[in-house]
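Please walk through this structure, starting from its ligands and ending with the packing of its helices.

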Amino acid sequence: MTLNTAHEPIGNTDGTKLFVMKCGGSTLATLPDSFFEDLRALQQEGAQPVIVHGGGPAISENLAKLGIESSFVNGLRVTTEEVLDVVEMTLAGSINKAIVRRIQGSGGRALGISGIDGGLIMARPVSNSAEVGLVGEVTKVQAEIVTGILALGYMPIIAPIGVDASGQRYNINADTAAGAVASYVESSRMIVVTDVPGIMRTVDGQKVVLPSVTVQQIEELIESGEIYGGMIPKVRAAMDCIQGAVSEVVIVDGKEPRVLSRVLQGEVLGTRIVR
Ligand SMILES: Nc1ncnc2c1ncn2[C@@H]1O[C@H](COP(=O)(O)OP(=O)(O)O)[C@@H](O)[C@H]1O
Ligand SMILES: CC(=O)N[C@@H](CCC(=O)OP(=O)(O)O)C(=O)O
């Protein structure tokens, strides 16, 4: 494993300050006010954050309240139309609006939409749809909607629901959606905010965070079982998007003080996934 490679400051090759951030459902409820204050400060300094959020635990809670059974196959929720109703109301409704309110509460400017609005996230069924139902993979992201919202001075807050040309909705894993958004808007880096300090492995009986991993090393860590569960869609989405415009994905803990600006300033924090 490569240890301790310095981060480059975040920014696109054209010099803009756009970056895509994915916020996981595991961490949303516990993000401190200081996280949103940091985001507001970055926006005021001219950075252009684009946020794609999850909400898996809240969806599961709402499904349980409604007595609807749900299960996962390889990290993807088996999704019927009935499940999709709850996914949409949770992600595009309460979670999306809660994030917008927290950003606005800290003085930031945010505008929440789902992937359905304006056909932002176009999707088709995943290849194993016979097993998982209405789960989608992204066919296109209408990047001009994202850049248009940024040009109005707002940060887009995107709920990962997709739609196809016939109007069928799809449940899209939030890590997958974030990777696709980062690719289509040509963000050079993506920050994945979660509830662990990065990709960890056990060395001499101690859990350590890997500062940097390559695509090949990730395959080995999945193979050995050291990367499992919710970390798998994260690293798969990272591996997909770093084939194109995105040159690195950084996985960090949202509870780390001023985590976004520290990553943007080039501090070595969390795990960088590089080609
Ligand atoms: N090698 C690993 N290092 C760190 N976390 C891992 C690893 N493998 C699996 N995980 C699990 O992945 C979880 C993060 O995924 P998930 O709960 O889906 O987060 P999110 O809601 O942010 O998408 C961690 O809490 C941890 O349990
Ligand atoms: C297809 C699929 O599994 N979709 C996810 C969408 C939310 C998500 O990905 O949320 P996290 O980032 O919090 O895991 C789900 O239904 O839970």
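How do the residues of the shell around ligand 2 divide into nonpolar, polar and charged? The model is a predicted one, and in it that shell holds 6 nonpolar, 9 polar and 1 charged residue. In total, 16 residues surround ligand 2, and the closest are G25, G54, G56, R77 and A174. Three elements, α1, α3 and β4 (76-77), each supply at least two residues of this shell.

Two of the closest residues around ligand 2, G56 and R77, also appear in a database annotation. An unreviewed UniProt entry places a "binding site" at G55, G56, R77 and N171. These positions are spread over 117 residues of sequence, yet they cluster in space, with a largest C-alpha distance of 12.0 Å. Of the annotated residues, G55 sits in the loop between β2 (48-53) and α3.

Ligand 1 has a shell of 18 residues, of which G24, S26, T194, G230 and M231 come nearest. The elements that give two or more residues to this shell are α1 (25-28) and β12 (200-203). The largest share, 3 residues, comes from α1. α1 is also among the elements that supply at least two residues to the shell around ligand 2. By class, the shell around ligand 1 is made up of 6 nonpolar, 9 polar and 3 charged residues.

The next topic is the wider chain. The unreviewed UniProt entry lists residues 17-253 as "domain: Aspartate/glutamate/uridylate kinase". This span is 40% helix and 28% strand, and its end C-alpha atoms lie 22 Å apart.

Two pairs of helices within the chain show how the elements are set against each other. The first pair is helix α3 (residues 56-65) and helix α4 (residues 81-105), whose axes come within 9 Å and cross at roughly 125°. Because angles of 65 to 115 degrees count as roughly perpendicular and those over 145 as roughly antiparallel, this crossing makes α3 oblique to α4. The crossing is right-handed. On the α3 side, A58, I59, N62 and L63 take part, and they meet V83, V86, V87, T90 and I95 in α4. The residues of this contact comprise 7 nonpolar and 2 polar, with no charged residue.

The second pair is helix α7 (residues 174-184) and helix α9 (residues 231-241), whose axes come within 8 Å and cross at roughly 15°. Since angles under 35 degrees count as roughly parallel, α7 and α9 are roughly parallel to each other. Here too the crossing is right-handed. From α7, the residues D175, T176, A178, G179, A182 and S183 make the contact, and from α9 the residues P233, K234, A237, A238, D240 and C241. By class, this contact has 6 nonpolar, 3 polar and 3 charged residues.

Both helices of the second pair begin at residues already met around the ligands. A174, where α7 starts, is one of the closest residues to ligand 2. M231, where α9 starts, is among the residues that come nearest to ligand 1.

Notes. Residues numbered from 1 in each chain as written. Chains lettered and ligands numbered in written order. Predicted model: local features only at pLDDT ≥ 70, side-chain atom pairs only at ≥ 80, totals over all residues. UniProt positions renumbered as here; feature names shortened; annotations may be inferred. Helix = DSSP H or I, 4+ residues; strand = E, 2+ residues; numbered from the N terminus. Near = placed C-beta within 6 Å. Nonpolar A, V, L, I, M, F, W, Y, C, P; charged D, E, K, R; others polar. Axes fitted to C-alpha atoms, helices over the stretch in contact; angles between N-to-C directions. Left-handed = near helix turned anticlockwise from the far one by under 90°. Contact = placed C-beta atoms within 7 Å.
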